[in-house]
Amino acid sequence: MAVSDAYASAATYRSVIDKSDTGEDAEILTDLKAISRYIDRKVGRFFTTDASAVARVYQATEYSNQPKTLFIDDLVAVTSIKVDTDDDGSFSDEDAWATTDYELLPRNAADGPEARPYTEIHIPSWSSKNLWGRHRVEVTATFGWPAVPSSIERATIHLAGILRLETPRATRQVNIGMETVVETSRQAQDIIAELVQAYGKRSLF
């Protein structure tokens, strides 16, 4: 699943909404994508996965009470970690850390009934490294979630159903834009509030 994909397919939408006609699948998918990106903005994260590893740059806060922990965006697997120890703005002259020099947290994130991403990189007691300091850190990784949570998929479907007036939750009104329709629907906002409570991301800084 690509980063820009919808969190539900048109076929799944039709199955849940009890709609058999496939003639509007392209339009349905467009609405599902719009709702998916709306959810991303509301909770501050995305639930798909990068197609391949990408590099992102982070920096530990100067006066963190957890100097051995670097808070990062959601990720599934790390390819390499480099620290700009000479602060020259380049990572090409830095060596990648050994996998024994860091630990991904929370532990066992991928286990359990709902697999979750790692959100922290910790320097453990057995590491040859010390503190992150104020250096910039390049994390090359596959970012995102291991799989789209079922509650995110269902919420996407029901919000799209409200937008398309194809669910009992919908209130008939003039469609003057996706965000306006969703944000003026009490039912839709209840769904969003639950998602923010369960999946809302705190700031990294």
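This is a short talk on the fold of one chain, its sheet, and one residue in that sheet, Asp74.

Before anything else: the model is predicted.

Start with the whole chain. It has 205 residues, and 42% of them count as buried. The C-alpha atoms fill a box of roughly 60 × 35 × 30 Å along the principal axes. The accessible surface comes to about 10,900 Å². Carbon and sulfur atoms own 49% of that surface.

Now the secondary structure. We have 5 helices and 5 strands. Read from the N terminus, the order is α-α-β-β-β-β-β-α-α-α. What about contacts along the sequence? Take those with a separation of 6 or more: 73% of them join residues 24 or more positions apart.

On to the sheet. How are the 5 strands ordered? The order is S1-S5-S2-S4-S3, the sheet is open, and the pairing is antiparallel. Which strands stand at the edges? Those are S1, residues 54–59, and S3, residues 103–105. Each has a single partner strand, so one side of each is left without a neighbour in the sheet. From one strand to the next, the twist averages 50°.

Let me walk through some pairings. S3 pairs with S4, residues 118–122, over 3 antiparallel bridges. There, Leu104 stands opposite Ile121 of S4. S4 also pairs with S2, over 4 bridges, again antiparallel. In S4, Glu120 is the residue opposite Phe71. On to S5, residues 136–143: 7 bridges join this strand to S2, and the two run antiparallel. Val83 has Val137 of S5 as its bridge partner.

So much for partners. Is S2 largely enclosed or open? Count the residues: 11 of its 15 are buried, so S2 is largely enclosed by the rest of the structure.

That brings me to Asp74. This residue is found in S2, which spans residues 69–83. Why does Asp74 count as buried? Its relative accessibility is 5%, and the cut-off for buried is under 20%. Which side chain does it meet in a polar contact? Arg45: the contact between the two side chains is 2.8 Å.

Then the wider surroundings. Leaving out residues up to four places away in sequence, Asp74 touches Arg45 and Phe46. The list goes on with Pro117, Tyr118 and Thr119. Phe143, Gly144, Trp145 and Lys201 complete it.

To recap: an open antiparallel sheet of 5 strands, a largely enclosed S2, and a buried Asp74 in polar contact with Arg45.

Definitions and conventions. Residues are numbered from 1 along each chain as its sequence is written. This is a predicted model: local features need pLDDT of at least 70, side-chain atom pairs count only at pLDDT 80 or more; totals for chains, interfaces and linings use all residues. Side-chain values use heavy atoms; hydrogens and water are left out. Buried means under 20% relative accessible area, exposed over 50%, partly exposed in between (1.4 Å probe, protein chains only). A polar contact is a pair of N or O atoms within 3.5 Å; within protein, one must be able to donate a hydrogen and the other to accept it, and residues adjacent in sequence count only if both atoms are side-chain atoms. Contact means heavy atoms within 4.5 Å. Two strands pair if DSSP finds at least two bridges between them. Axes are lines fitted to C-alpha atoms, for helices over the stretch in contact, and angles run from 0 to 180 degrees between N-to-C directions. Accessible areas come from the Shrake-Rupley method with a 1.4 Å probe; for residues, only the protein chains shown count as cover.
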